[in-house]
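Work through the exercises below with the sequence and the model open. Each task is followed by a solution in steps.

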Amino acid sequence: MIRIRKLALAVTLASAALATPALHAQAQAQAQAQAQASAAALTEGEVRKIDKENRKLTLRHAEIKNIDMPAMTMVFEVSDAAMLDRFKPGDKVRFAVSNERGKLTVTEIQPAP
(Lines give C-alpha, C1' and ligand atoms only; values in the text may rest on other atoms or scores of the structure.)
Protein backbone atom coordinates (compact mmCIF):
# COMPACT_ATOMS: atom_id res chain seq x y z
CA MET A 1 0.00 0.00 0.00
CA ILE A 2 2.85 2.38 0.83
CA ARG A 3 4.50 1.62 -2.52
CA ILE A 4 1.31 2.49 -4.37
CA ARG A 5 1.07 5.82 -2.54
CA LYS A 6 4.73 6.61 -3.29
CA LEU A 7 4.21 5.67 -6.92
CA ALA A 8 1.08 7.83 -7.13
CA LEU A 9 2.97 10.75 -5.55
CA ALA A 10 5.86 10.33 -7.98
CA VAL A 11 3.50 10.32 -10.96
CA THR A 12 1.71 13.43 -9.67
CA LEU A 13 4.99 15.31 -9.15
CA ALA A 14 6.30 14.29 -12.56
CA SER A 15 3.08 15.44 -14.22
CA ALA A 16 3.28 18.80 -12.45
CA ALA A 17 6.90 19.27 -13.49
CA LEU A 18 6.04 18.58 -17.12
CA ALA A 19 3.01 20.88 -17.07
CA THR A 20 4.83 23.92 -15.62
CA PRO A 21 6.68 24.96 -18.83
CA ALA A 22 3.46 24.56 -20.83
CA LEU A 23 1.54 26.72 -18.37
CA HIS A 24 4.28 29.37 -18.47
CA ALA A 25 4.18 29.44 -22.28
CA GLN A 26 0.39 29.74 -22.19
CA ALA A 27 0.58 32.68 -19.76
CA GLN A 28 3.13 34.42 -21.98
CA ALA A 29 0.93 33.93 -25.04
CA GLN A 30 -2.08 35.37 -23.21
CA ALA A 31 -0.09 38.42 -22.08
CA GLN A 32 1.13 39.02 -25.62
CA ALA A 33 -2.40 38.70 -27.01
CA GLN A 34 -3.68 41.21 -24.46
CA ALA A 35 -0.92 43.67 -25.38
CA GLN A 36 -1.79 43.33 -29.06
CA ALA A 37 -5.50 43.78 -28.34
CA SER A 38 -4.72 46.90 -26.33
CA ALA A 39 -2.70 48.35 -29.21
CA ALA A 40 -5.50 47.51 -31.63
CA ALA A 41 -8.04 49.22 -29.33
CA LEU A 42 -6.26 52.58 -29.61
CA THR A 43 -8.11 55.21 -31.61
CA GLU A 44 -6.53 57.62 -34.10
CA GLY A 45 -6.93 61.30 -33.29
CA GLU A 46 -5.50 64.80 -33.45
CA VAL A 47 -4.93 67.10 -30.50
CA ARG A 48 -6.99 70.27 -30.96
CA LYS A 49 -6.63 71.95 -27.54
CA ILE A 50 -4.94 71.30 -24.19
CA ASP A 51 -6.34 72.63 -20.89
CA LYS A 52 -3.75 71.79 -18.23
CA GLU A 53 -5.54 73.70 -15.47
CA ASN A 54 -8.65 71.51 -15.78
CA ARG A 55 -6.85 68.31 -16.90
CA LYS A 56 -8.74 68.25 -20.21
CA LEU A 57 -7.82 67.47 -23.77
CA THR A 58 -9.80 68.25 -26.91
CA LEU A 59 -9.36 65.60 -29.60
CA ARG A 60 -10.68 65.25 -33.13
CA HIS A 61 -10.99 61.49 -33.33
CA ALA A 62 -12.04 58.52 -35.40
CA GLU A 63 -14.75 56.14 -34.18
CA ILE A 64 -14.07 54.96 -30.63
CA LYS A 65 -15.28 51.37 -30.85
CA ASN A 66 -15.08 50.33 -27.18
CA ILE A 67 -17.59 53.03 -26.19
CA ASP A 68 -19.54 53.00 -29.47
CA MET A 69 -18.83 56.66 -30.26
CA PRO A 70 -18.78 57.98 -33.82
CA ALA A 71 -15.98 60.19 -35.13
CA MET A 72 -16.17 63.77 -33.82
CA THR A 73 -14.29 66.45 -31.91
CA MET A 74 -14.73 66.21 -28.16
CA VAL A 75 -13.25 67.27 -24.82
CA PHE A 76 -11.96 64.46 -22.59
CA GLU A 77 -10.55 64.37 -19.11
CA VAL A 78 -7.17 62.66 -18.69
CA SER A 79 -6.35 60.08 -16.04
CA ASP A 80 -2.85 61.54 -15.56
CA ALA A 81 -2.14 65.27 -15.96
CA ALA A 82 1.42 64.44 -17.10
CA MET A 83 -0.08 63.18 -20.37
CA LEU A 84 -0.80 66.78 -21.32
CA ASP A 85 2.89 67.78 -21.16
CA ARG A 86 3.85 65.44 -24.00
CA PHE A 87 1.65 66.89 -26.74
CA LYS A 88 0.68 70.14 -28.43
CA PRO A 89 -2.24 71.14 -30.68
CA GLY A 90 -1.91 69.58 -34.11
CA ASP A 91 -0.11 66.43 -32.89
CA LYS A 92 -1.42 63.15 -34.32
CA VAL A 93 -2.05 60.62 -31.55
CA ARG A 94 -3.41 57.17 -30.74
CA PHE A 95 -5.39 56.97 -27.51
CA ALA A 96 -7.66 54.86 -25.33
CA VAL A 97 -10.78 56.09 -23.54
CA SER A 98 -12.80 54.58 -20.73
CA ASN A 99 -15.79 55.68 -18.70
CA GLU A 100 -14.42 56.53 -15.25
CA ARG A 101 -16.87 57.76 -12.63
CA GLY A 102 -19.32 58.67 -15.38
CA LYS A 103 -16.79 60.77 -17.31
CA LEU A 104 -15.08 59.81 -20.55
CA THR A 105 -11.39 59.79 -19.70
CA VAL A 106 -8.25 59.32 -21.79
CA THR A 107 -6.38 56.55 -20.01
CA GLU A 108 -3.56 56.09 -22.54
CA ILE A 109 -2.14 58.30 -25.25
CA GLN A 110 0.87 58.04 -27.51
CA PRO A 111 2.20 59.72 -30.64
CA ALA A 112 0.76 58.25 -33.84
CA PRO A 113 3.31 56.40 -35.96
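A residue counts as exposed when its relative accessible area is over 50%, as buried when under 20%, and as partly exposed in between. The model used here is predicted.

**Exercise 1.** Locate Arg 101 and classify its exposure.

Solution.
- Step 1: Arg 101 sits in the loop that joins strand 4 (92-100) to strand 5.
- Step 2: The relative accessible area of Arg 101 is 70%.
- Step 3: Arg 101 is therefore exposed, since 70% is over 50%.
- Step 4: The phi of Arg 101 is positive, about 55 degrees, although Arg 101 is not a glycine. Most residues other than glycine have a negative phi.

**Exercise 2.** Do the same for Arg 55: give its place, its exposure class and the sign of its phi.

Solution.
- Step 1: Arg 55 belongs to the loop between strand 1 (43-51) and strand 2 (56-61).
- Step 2: With a relative accessible area of 35%, Arg 55 is partly exposed, because this value lies between 20% and 50%.
- Step 3: Arg 55 is not a glycine, yet has a positive phi of about 55 degrees.

**Exercise 3.** Describe the surroundings of Glu 108: which element holds this residue, and which side chain does its own side chain contact?

Solution.
- Step 1: Strand 5 (residues 103-111) contains Glu 108.
- Step 2: Glu 108 has a relative accessible area of 28% and is therefore partly exposed.
- Step 3: A polar contact of 3.3 Å links the side chains of Glu 108 and Gln 110.
- Step 4: Val 97 is 11 residues from Glu 108 along the chain, and their C-alpha atoms are 7.3 Å apart.

Notes
Residues numbered from 1 in each chain as written. Predicted model: local features only at pLDDT ≥ 70, side-chain atom pairs only at ≥ 80, totals over all residues. Heavy atoms only, no water. Helix = DSSP H or I, 4+ residues; strand = E, 2+ residues; numbered from the N terminus. Buried < 20%, exposed > 50% of the residue type's maximum accessible area, 1.4 Å probe, protein only. Polar contact = N/O pair within 3.5 Å; in protein donor to acceptor, adjacent residues only side chain to side chain.
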